[in-house]
Amino acid sequence: MLRQSALAIGLSAALFASAAHAEPPYPTVDFQGDWVLSDGKGMDVRATMHYSAANRKMRINMKQQGMAMSSVRDMASGDMILWSDQMPGMAMRVPNIDANDFDGTPTDEKKTVNGEDCTVWEMKQALACLTADNIPIEVTGEGFGSGLENLQRTEQDPAVFEVPSGLNVMDMPAGMPGAPNPGQGLPF
């Protein structure tokens, strides 16, 4: 579970870039798509991602080795709640991420990834390619690569971003093995 939790959190951690001492360039439109993350060791994780620009929330659903996992990240508060079918009725609150800790700079490099034009941003430990409406199409760093496929810019139902009621939410200790290490200069 810890390895899968770390991959799910790593998936969330590798999504969006931010400017130094400025509000991160969150996506300006609602969208959904398939986020594909490779850990560089032969494990690929495919997840569905939904994002609400108005609510500044992201939801990720994935199934890895027979285990279904979901998470909802509230960009305003920094909270992420993660739950799995392997631990019914329980969820983990991942430590908040402070956007002021991020350091990123857009470069002059332009690319086309999966049919989308994007600008490359240099982050602490990664490169992120953002569309004109700030959707992350590709993020690469040492030991991982990820990309957004089947992108659909479409309005998202606010109910998609609700954490299931009745979950016993516990805080994940920051030093726990498998706990997120946002680093990489990215706010997720």
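Start with the disulfide: the structure holds 1 of them, a disulfide being a pair of cysteine sulfur atoms within 2.5 Å. Before you click, note that this is a predicted model, in which local features need pLDDT of at least 70 and side-chain atom pairs count only at pLDDT 80 or more, while totals for chains, interfaces and linings use all residues. Residues are numbered from 1 along each chain as its sequence is written, and side-chain values use heavy atoms, with hydrogens and water left out.

**Stop 1: the cysteine pair**

Select Cys 118 and Cys 129 and show their side chains; the two sulfur atoms are 2.0 Å apart. The torsion about the S-S bond is about 90°, so this disulfide is right-handed. Cys 118 belongs to strand β8 (residues 116-122) and Cys 129 to strand β9 (residues 126-130), so the pair ties together parts that are 11 residues apart in sequence. Strands here are DSSP runs (E, at least two residues) and helices are DSSP runs too (H or I, at least four), numbered from the N terminus. Turn on a surface next: both Cys 118 and Cys 129 are buried, where buried means under 20% relative accessible area, exposed means over 50%, and partly exposed is in between (1.4 Å probe, protein chains only).

**Stop 2: Glu 116**

Stay in strand β8 and select Glu 116. Is Glu 116 buried or exposed? Its relative accessibility is 18%, so Glu 116 counts as buried.

Now add Arg 153 to your selection: a polar contact of 2.9 Å joins its side chain to that of Glu 116. A polar contact is a pair of N or O atoms within 3.5 Å; within protein, one must be able to donate a hydrogen and the other to accept it, and residues adjacent in sequence count only if both atoms are side-chain atoms. Beyond its neighbours within four places in sequence, Glu 116 also has contacts (heavy atoms within 4.5 Å) with residues including Lys 111, Thr 131, Ile 137 and Leu 151.

**Stop 3: Met 87**

Move to the loop between β5 (80-84) and β6 (90-94), where you will find Met 87. Met 87 is partly exposed, at 28% relative accessible area. Select Met 69 as well: its C-alpha atom is 9.8 Å from that of Met 87, and the two residues are 18 apart along the chain.

**Last stop: the whole protein**

Zoom out and colour by secondary structure to find 1 helix and 12 strands. From the N terminus on, the order is α-β-β-β-β-β-β-β-β-β-β-β-β. Of the 188 residues, 48% count as buried.
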